[in-house]
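This report describes a protein model for a reader who is new to structural analysis. Please look at the sequence and the structure before reading on.

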Amino acid sequence: MTDSTPMPADDAAPPEPGARVLSGMQPSADSLHLGNYLGALVNWVRIQQQYDAFFFIPDLHAITVPQPPEELRQRVRRTAAQYIAAGIDPERSTLFVQSHVPEHAQLAWVLICSTGMGEAARMTQFKDKAAKQGADHAGVGLFTYPMLQAADILLYQPHGVPVGEDQKQHVELSRDLAQRFNHRYGETFRIPQPMIPEGAARIYDLQNPGAKMSKSAESPSGLLNLLDSDKQLAKKIKSAVTDDGTEIRFDRENKPGVSNLLAIYAELAGRSTDQLQADYQGRMYGHLKVDLAELAVARLGPVRDRALQLLEDPAELDALLAKGAAKARTVASETLKDVYSKLGFLPAAAA
Ligand code: TYM
């Protein structure tokens, strides 16, 4: 079952018919942001045509920081609505909520037991968050979060995991844990490949282009949300930080703000940053911003409107998610059964 053949990052042709992918986005904010959209969601929509795709909403991960219960419920639905509005087809792909499939938490425990303290402590996302909160105040859940993510992945035996670059280390941990288990107990898990898009692997904050765009942004104006109004989108783009120069040139090191705007533009327009740089030669930052604002409104506005429309019928969304969870469980329970048996757990008596 192991498969370590490298996968193309983008427009991936499946390595075999029926090859599977799995990914998820935390429901820890009222809206997904442009980094989630360009770094992952756009890629998901494209590859769902060719792969047996599983997309889920990691609500167990979200509670590693406290979430007001009613907000969490709403945010899970909002996340599902944005997946669908962006183009995830729930008839084609399996769409579900993590806590509806208890095997995620069950396999996570098994993987936690085979992870070293040092190995977990090396995870950069944990280090960053622990540094912000102070190591003694960071929750144990934050520490074990990557093992839960490994369980999410390994339960479904996927070939690929389409994520932005910041999740690469977590996918690598899941590979290590799978290899360790296979080595000890015999072939059990497929070894998954990260699938990272080239141009949009990392989208940066509009106000602080040295930092990745993230829901924990210092200023809300650095973050383009998928559910922002047209006016908010345009305003944030027009007030994006650039530099003292005048030249529109893609140069991440010396012109991070302008380069980020060019990269976003290129992704939204399906063009290269070289082409854009040529088009904008001799023009001013203001021109680039006005055009990008118009493009962002044209691309993201319909996604927002469709998501808001879907949210008007929460019962329909809940029904879709329940159907997805039932399908996900059939796959997840097979893997967990195999794992439990290999570990030497006594089978539970049939009910
Ligand atoms: P999350 O919710 O932080 O992000 C969801 C996806 O969006 C990508 N992303 C970005 N891409 C480019 N530029 C950015 N600024 C940017 N910000 C976020 C992320 O790389 C990700 O693909 N731990 C995961 C959720 C998760 C998961 C999983 C993912 C839980 N279990 C299993 C894959 C498989 C997370 O917090 O992603």
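Which residue in β2 is the bridge partner of S23? The partner of S23 in β2 is F55. The model is a predicted one, in which local features need pLDDT of at least 70 and side-chain atom pairs count only at pLDDT 80 or more, while totals for chains, interfaces and linings use all residues. Residues are numbered from 1 along each chain as its sequence is written, and side-chain values use heavy atoms, with hydrogens and water left out.

**Strands β1 and β2**

Helices (H or I, at least four residues) and strands (E, at least two) are DSSP runs, numbered from the N terminus. Strand β1 covers residues 20-24, and four of its five residues are buried (under 20% relative accessible area; exposed is over 50%, and partly exposed lies in between, with a 1.4 Å probe and protein chains only). β1 pairs with strand β2, residues 52-57, in the parallel sense over five bridges; strands pair if DSSP finds at least two bridges between them. Together with helix α1 (residues 34-47), β1 and β2 make a right-handed β-α-β unit. Right-handed means that, with the strands pointing away from the viewer, the path from the first strand over the helix to the second runs clockwise.

**Salt bridges**

A salt bridge is a side-chain nitrogen of Lys or Arg within 4 Å of a carboxyl oxygen of Asp or Glu. By this rule the structure has 17 salt bridges. Three of them are listed here.

| Pair | N to O distance |
|---|---|
| D230 and R304 | 2.8 Å |
| K255 and D243 | 3.3 Å |
| R304 and D305 | 3.0 Å |

Why does the pair of D230 and R304 tie together parts that are 74 residues apart in sequence? D230 lies in helix α9 (residues 230-238) and R304 in helix α12 (residues 285-310), so their salt bridge links these parts. D230 is partly exposed, with a relative accessible area of 34%, whereas R304 is buried at 9%. R304 also forms a salt bridge with D305, and D305 is partly exposed at 41% relative accessibility.

In the pair of K255 and D243, K255 is buried, with a relative accessible area of 6%, and D243 is partly exposed at 24%. Elsewhere, D30, E71 and R75 are linked in a network of salt bridges.

**Cavity and pocket**

On a 1 Å grid over the protein atoms alone, a cavity is a set of points where a 1.4 Å probe fits but cannot get out, and a pocket is an open set with protein on both sides within 12 Å along at least five of seven lines; lining residues have an atom within 4 Å of a point. A search of the whole structure finds one cavity of 30 Å³ or more. The largest cavity holds about 60 Å³ of space. Its lining consists of Q125, F126, K129, L142, Y145, P146 and H170, and α6 (124-133) and α7 (140-154) each supply at least two of these residues.

The largest pocket has a volume of about 1,300 Å³. It is lined by 47 residues, of which Q125, D166, Q167, K212 and S214 are the closest to its centre. Helix α6 gives the most to this lining, with six residues. At least two lining residues come from each of β1, α1, α6, α7 and β4 (160-162).

Notes
Grid points are joined across faces, edges and corners, and a volume is the space filled by probe spheres set on the points.
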